[in-house]
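Work through the exercises below with the structure open. Try each task before reading its solution.

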Amino acid sequence: MIRSKAAVKRILGELPFTAELYWQYRQNGKPLSESFSLRRTEKWLPAWRLQAEAAATRRPAGKNVLIFATLRYWI
């Protein structure tokens, strides 16, 4: 069973749009991750900005701050 399952996964991995079709079947209309939300990130941005501005007073001149969010999922 293990070999055949691995072979099927390998074959499907070679086909174009397999991941997209799987997502449409399994995740259609659902978020990719329960723990990640751009709305939640957007809600926290003002607080992060205040923290960054406070830290900016203690940093050397000419340095920039970058805030980013990531979403991990398999492809």
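**Exercise 1: Val65 and the surface patch**

Val65 has a relative accessibility of 54%, so it counts as exposed. The model is a predicted one.

Task: Locate Val65 in the chain, then find which nonpolar patch it belongs to.

Solution.
- Step 1. Check the class. The cut-off for exposed is over 50% relative accessible area. Val65 has 54%, and therefore passes.
- Step 2. Place the residue. Val65 sits in the segment that comes after α3.
- Step 3. Find its partners. Val65 forms a nonpolar surface patch with Trp44, Leu45, Trp48 and Ile67.
- Step 4. Read off the area. Together, the patch residues have about 460 Å² of accessible area.

**Exercise 2: Thr41 in its helix**

Task: Is Thr41 buried or exposed? Which residues does Thr41 touch, beyond those up to four places away in sequence?

Solution.
- Step 1. Place the residue. Thr41 belongs to helix α3, which covers residues 38-56.
- Step 2. Apply the cut-off. Buried means under 20% relative accessible area. Thr41 has 18%, so it is buried.
- Step 3. List the contacts. Leaving out residues up to four places away in sequence, Thr41 touches Phe36, Trp48 and Ala69. Trp48 is also a member of the patch from Exercise 1.
- Step 4. Take one contact further. Ala69 lies 28 residues from Thr41 in sequence. In space, their C-alpha atoms are 7.6 Å apart.

**Exercise 3: the backbone at Phe17**

Task: What is the sign of phi at Phe17, and where does the residue sit?

Solution.
- Step 1. Read the angle. Phi at Phe17 is positive, about 65 degrees, although Phe17 is not a glycine.
- Step 2. Place the residue. Phe17 is in the loop between α1 (2-14) and α2 (18-27).
- Step 3. Classify it. Phe17 is exposed because its relative accessibility is 60%.

**Exercise 4: the whole chain**

Task: How many helices and strands are there, and what share of the residues is buried?

Solution.
- Step 1. Count the elements. The protein has three helices and zero strands.
- Step 2. Give their order. From the N terminus on, it reads α-α-α.
- Step 3. Take the buried share. Of the 75 residues, 3% are buried.
- Step 4. Take the surface. The protein exposes about 7,600 Å², and 60% of that comes from carbon and sulfur atoms.

Definitions and conventions:
Residues are numbered from 1 along each chain as its sequence is written. This is a predicted model: local features need pLDDT of at least 70, side-chain atom pairs count only at pLDDT 80 or more; totals for chains, interfaces and linings use all residues. Side-chain values use heavy atoms; hydrogens and water are left out. Helices (H or I, at least four residues) and strands (E, at least two) are DSSP runs, numbered from the N terminus. Buried means under 20% relative accessible area, exposed over 50%, partly exposed in between (1.4 Å probe, protein chains only). Contact means heavy atoms within 4.5 Å. Patches are made of residues with over 30% relative accessible area and no salt bridge: like charges are joined within 9 Å, nonpolar side chains (Val, Leu, Ile, Met, Phe, Trp, Tyr) within 5 Å. Accessible areas come from the Shrake-Rupley method with a 1.4 Å probe; for residues, only the protein chains shown count as cover. A salt bridge is a side-chain nitrogen of Lys or Arg within 4 Å of a carboxyl oxygen of Asp or Glu.
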